[in-house]
Amino acid sequence: MSDDDDKEFVLTLDRSNFTDTVNKHDFIVVEFYAPWCGHCKKLAPEFEQAASVLSSNEPPVILAKVDANEEVNRDLATQFQISGFPTLKILRNGGKKIQDYKGPRDAEGIVKYLKKQSGPASAEIKSAEDATNLIGDKKIVIVGIFPKFSGEEYENFIAVAEKLRPEYEFGHTLEAKHLPRGESSVSGPVVRLFKPFDELFVESKDFKVDDLEKFIGEASTPLVTVFNNDPSNHPFVVKFFNSENAKAMLFMNLNGEGADAFESKYREVSEKNKGQAINFLLGDVEASQGAFQYFGLQESQVPLIVIQNTKGDKFLKTNLEPEHIAPWVEDFKAGKAQQYKKSEPIPQKNNEPVKVVVADSLQEIVMDSGKNVLLELYAPWCGHCKKLAPILDDVAIHFEKDTDVVIAKLDATANDIPSETFDVQGYPTLYFKTASGDVIAYDGDRTKEDIIDFISKNRDKAVENKPLEETQGKDEL
């Protein structure tokens, strides 16, 4: 067996060696992971294989990993704003420049993406063959056409390419005739954005950095993003969900009867609302199971449209007909659509020490209870949450005879929570709502003694001694 068979090509970093290692490299990619995370386990062999291949690159591309679940590495996770796993970061210039990794998660895709990321931000196009190899027909590519590779326009273009390179590919040329679409005789400076949808290419002559970024962001967004099993659509779906605009999503069986009529009406509505800070997605039910779980939707409700506004509020219209789409979107814009809230059912019995809260009972059990409530916002898969569970049981038992104090938990992956009240950046997140209505984030140690001490110091006298049973199991006979 060769040494390479045993060698791990992904560097293992922690708080003790992170800074020194990063400072030594102009380009390094770091995965922040948790050992219990399923997606991390799936990525691990792909990441290692990619690291092996990239170690032979000229110059080598270094891949590393940090166990962000470890207490000693928590400061690193905070520094890099890690809120989920796995999170990959590209660190350039000894860590002075940090960018999100936005490429594939398979070994071959990682290698291809990082070879481009570690090279020039924009590739020079010297021939029609160069243009064909760069542009293709399934991705967005931004090409700057210049009379010379100098001057403010060229420098601004390269600056934008450096900033946006994790998301887009860039090229620059002196000869527009090499490019596959658009006027071949222009000398520039002009930016031509190629895309595999809608009008196939658009141009801009505005080279101010902010305006160029805005042009790229708007022009690279499809009129209607299609969410199906075609992998070439995946980057546009990711871009859709990462957008700061309101998001309209029509889910249906795209191969079913009447799909064309829905798509036609939906595109009409999208065209009418172009430039109005609302993006549109058309999702196939089969490919959209993750979205259905996230929004708490049922297949029996399709065709359906859900809109999420910029505050995260959701609005739902189910069992649609094509003619319902336009008026309902107008109702949403006019503030007439009824807000939708994802919630698990209110439990029929709720007699364990730690009370179960769902979205539909949050107001009654927590916000309007007149009691002092410690609320855990958790995820079922979270290792730290499982470790905390018996501690919260002990805390609840400690306060069992105190009717003014409630210990409660809410599955934040299955229930919508008001983001203006509860800021959840990771799990578990603990909040304390006093009897008088103040909401305080708990960031102390997760021990029985510390939590009891915190509650005792911050509690108020109960506003109303309403029995907890009255707010739960509402449907019991």
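**Exercises on a predicted model**

Cys-382 counts as buried, with a relative accessibility of 1%, where buried means under 20% relative accessible area, exposed over 50% and partly exposed in between, for a 1.4 Å probe and protein chains only. The model is predicted, so local features need pLDDT of at least 70 and side-chain atom pairs count only at pLDDT 80 or more, while totals for chains, interfaces and linings use all residues. Residues are numbered from 1 along each chain as its sequence is written, and side-chain values use heavy atoms, with hydrogens and water left out.

**Exercise 1.** Find the order of the strands in the open sheet of five strands, and say which stand at the edges.

*Solution.* Begin with the terms: helices (H or I, at least four residues) and strands (E, at least two) are DSSP runs numbered from the N terminus, and two strands pair if DSSP finds at least two bridges between them. The order is 17-19-18-20-21, and the pairing is mixed. Strand 17 (355-357) and strand 21 (439-442) stand at the edges, and because each has a single partner strand, one side of each is left without a neighbour in the sheet.

**Exercise 2.** Describe how strand 20 is paired and whether its faces are covered or not.

*Solution.* Take the partner on one side, strand 18 (residues 372-378), which pairs with strand 20 (residues 429-433) in the antiparallel sense over five bridges. Within this pairing Glu-376 stands opposite Leu-430, and Leu-375 has Tyr-431 as its bridge partner. Next take strand 21, which is joined to strand 20 by four bridges and also runs antiparallel to it; here Tyr-431 stands opposite Ala-441. These two strands form a hairpin with five residues between them, and Gly-437 in the turn has a positive phi of about 110 degrees. Finally look at the faces: Thr-429, Tyr-431 and Lys-433 on one side and Leu-430 and Phe-432 on the other are all buried.

**Exercise 3.** Identify the buried residues of helix 5 and the elements against which they pack.

*Solution.* Helix 5 (residues 107-118) has 12 residues and reaches 16 Å from its first C-alpha to its last, close to the 16 Å expected, the expected span being 1.5 Å times one less than the number of residues. Its buried residues are Ala-107, Gly-109, Ile-110, Val-111, Tyr-113, Leu-114 and Gln-117. They pack against strand 2 (27-33), helix 3 (38-54), strand 3 (62-67) and strand 4 (87-92), with contact meaning heavy atoms within 4.5 Å.
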